[in-house]
Amino acid sequence: MTKTPAPAFVRASSISSLPVTSRFNPTVLLIIYALLLALALGLGSAYLALKGDPPFGGVRIGPWQTWPKLGSPEADPYMRAIVAYGGDVPLATGEGLAVTARTDNEGRELDSGCSYRIGAVMPAARIWTLTLYDRDGRLPASGSARSSFTSSEIVRNTDNLFFLNLSRDLSAGNWLQLPPSGSFSLVLRLYDMAGAGGANLKAEDLPTIERLGCGS
């Protein structure tokens, strides 16, 4: 019985039908794309979270908002990360309370193109400060060289009430100059407060933020 000799060559059509392990697999591309997308989304969401306000634990009181646990041992990981990223030193429990406003009493975003009046009451505290920040959270450059008022500096009327004017143009009385453009925020810090550290604060206890008008 004679054996059939093996062919000396293989047809080209047979080679093309064989699996080629070195050929690029599209599944690998999809896996790499998914990993890169997940990494970008993760880093991006973390950056946005660190740049904003703490997502949990906030309490809104009229136009003002506060995070009572921000400076306490009970602060959540988001609060701790935001504080570490910004380099801020929040008021500890018992020291006082900080409240932030980014809208007026009507819920409209604070805009440097408008003018505002703040007053006329303040919660009972040994000392308070009211500070203006630009949209990037920095103290704005001001021709008046002032970006805040304290309880010892504010000028009051005969009824022991005060009003604070915010505008880009010079205004009489207690005045803070707004940034040239963009949004801004206000931070009111109340030190050594009476009672349970502001736990019972109501909207009527805090100063109102009234928009007077906006420029063209």
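**Asparagine 165 and the disulfide**

Asparagine 165 is buried in this predicted model. Its relative accessible area is 17%, which falls under the 20% limit for burial. The residue belongs to strand β7, spanning residues 162–167.

The side chain of asparagine 165 makes a polar contact with the side chain of serine 171, at 3.4 Å. Ser171 also appears among the residues in contact with asparagine 165 once neighbours within four places in sequence are set aside. That set further includes Tyr116 and Arg117. Ala172, Asn174, Trp175 and Leu176 complete the set. Tyr116 and Arg117 fall within the residue range of strand β4, 114–120.

Strand β4 also holds one half of a disulfide, cysteine 114. A search of the whole structure returned one such bond. The partner of cysteine 114 is cysteine 214, with an S to S distance of 1.9 Å. Cysteine 214 sits in strand β10, residues 208–214. The pair therefore ties together parts that lie 100 residues apart in sequence. The torsion about the S-S bond is about 90°, so the disulfide is right-handed.

The two cysteines fall into separate accessibility classes. Cysteine 114 is buried, at 5% relative accessibility. Cysteine 214 is partly exposed, at 44%, because that value lies between the 20% and 50% limits.

Terms used
Residues numbered from 1 in each chain as written. Predicted model: local features only at pLDDT ≥ 70, side-chain atom pairs only at ≥ 80, totals over all residues. Heavy atoms only, no water. Disulfide = S-S within 2.5 Å. Helix = DSSP H or I, 4+ residues; strand = E, 2+ residues; numbered from the N terminus. Buried < 20%, exposed > 50% of the residue type's maximum accessible area, 1.4 Å probe, protein only. Polar contact = N/O pair within 3.5 Å; in protein donor to acceptor, adjacent residues only side chain to side chain. Contact = heavy atoms within 4.5 Å.
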